[in-house]
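Work through the following exercises with the model open beside you. Each one sets a task and then solves it step by step.

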Amino acid sequence: MSKYTQTDADSAYAYLAFADARRKGLVQGGPPINERRARQILRECAERGIRPDPQAPARLIAELQKLGENTPKKDGTRDA
């Protein structure tokens with residue numbers, strides 16, 4: 001039996017979408033993503049009937065934007 005939850009499915013789906021966007025040049029940087037592991041998590045979740053929320057990538061982007069707002073720029077300032 002899989003140990004994964006809805007949160008795991010959503011995270012795996014969101015990170016795969018992020019990796020795809022990075023490959024297409026739509027985003028730069030971001031966390032390293034183990035795509036093989038994310039696909040494995042999605043497969044195991046699917047076996048238990050757990051499907052990722054289609055809005056998961058949008059939530060990930062919002063969280064990364066929040067983190068980016070708090071990251072100092074090269075000149076040491078931060079966004080307001």
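**Confidence and conventions**

Among the elements of the chain, the lowest mean pLDDT, 83, belongs to helix H3 (residues 56-69), and the highest, 97, to helix H2 (residues 35-47); pLDDT is the predictor's confidence in each residue, from 0 to 100, and helices are DSSP runs of H or I with at least four residues, numbered from the N terminus. The mean pLDDT of the chain is 86, with 82% of its residues at 70 or more. The model is predicted, so local features need pLDDT of at least 70 and side-chain atom pairs count only at pLDDT 80 or more, whereas totals for chains, interfaces and linings use all residues. Residues are numbered from 1 along each chain as its sequence is written, and side-chain values use heavy atoms, with hydrogens and water left out.

**Exercise 1. Determine how the buried residues of H2 are arranged around the helix, and what covers them.**

Step 1: H2 has 13 residues and reaches 19 Å from its first C-alpha to its last, close to the 18 Å expected at 1.5 Å a residue, where the expected span is 1.5 Å times one less than the number of residues.

Step 2: The buried residues of H2 are Ala38, Ile41, Leu42 and Cys45, buried meaning under 20% relative accessible area, exposed over 50% and partly exposed in between, with a 1.4 Å probe and protein chains only.

Step 3: Seen down the axis of H2, these buried residues fall within an arc of 100 degrees, so they line one face of the helix; the arc is that of the directions from the helix axis to the C-beta atoms.

Step 4: On the other side of H2, Arg36 and Glu47 are exposed, while what covers the buried residues includes helix H1 (6-23).

Step 5: Just after H2, Gly49 takes a positive phi of about 85 degrees.

**Exercise 2. Identify the residues of the largest nonpolar core and the helices that supply them.**

Step 1: A nonpolar core is a set of buried Ala, Val, Leu, Ile, Met, Phe, Trp, Tyr and Cys residues joined through side-chain atoms within 4.5 Å.

Step 2: The largest such core has 9 residues, namely Tyr4, Ala9, Ala12, Leu16, Ala38, Ile41, Leu42, Cys45 and Ile50. H1 and H2 each supply at least two residues of this core, and its largest share, 4 residues, comes from H2.

Step 3: Not counting residues up to four places away in sequence, Leu16 touches Glu35, Ala38, Arg39 and Leu42, contact meaning heavy atoms within 4.5 Å.

Step 4: A second, separate core of 6 residues includes Ala14, Phe18, Ile33 and Leu60.

**Exercise 3. Describe the salt bridges of Asp20 and the one between Glu63 and Lys66.**

Step 1: A search of the whole structure finds 7 salt bridges, each a side-chain nitrogen of Lys or Arg within 4 Å of a carboxyl oxygen of Asp or Glu.

Step 2: Asp20 pairs with Arg23 at 3.6 Å, N to O, and both lie in helix H1, 3 residues apart, about one turn of the helix. Asp20 also meets Lys24 in a salt bridge at 3.1 Å, N to O.

Step 3: Asp20 counts as partly exposed at 30% relative accessibility, whereas Arg23 is exposed at 54% and Lys24 is exposed at 58%.

Step 4: Glu63 and Lys66 meet in a salt bridge at 3.4 Å, N to O. Glu63 is partly exposed at 44% relative accessibility, and Lys66 is partly exposed at 48%.

Step 5: Salt bridges that share partners join Asp20, Arg23, Lys24, Glu35 and Arg39 into one network.
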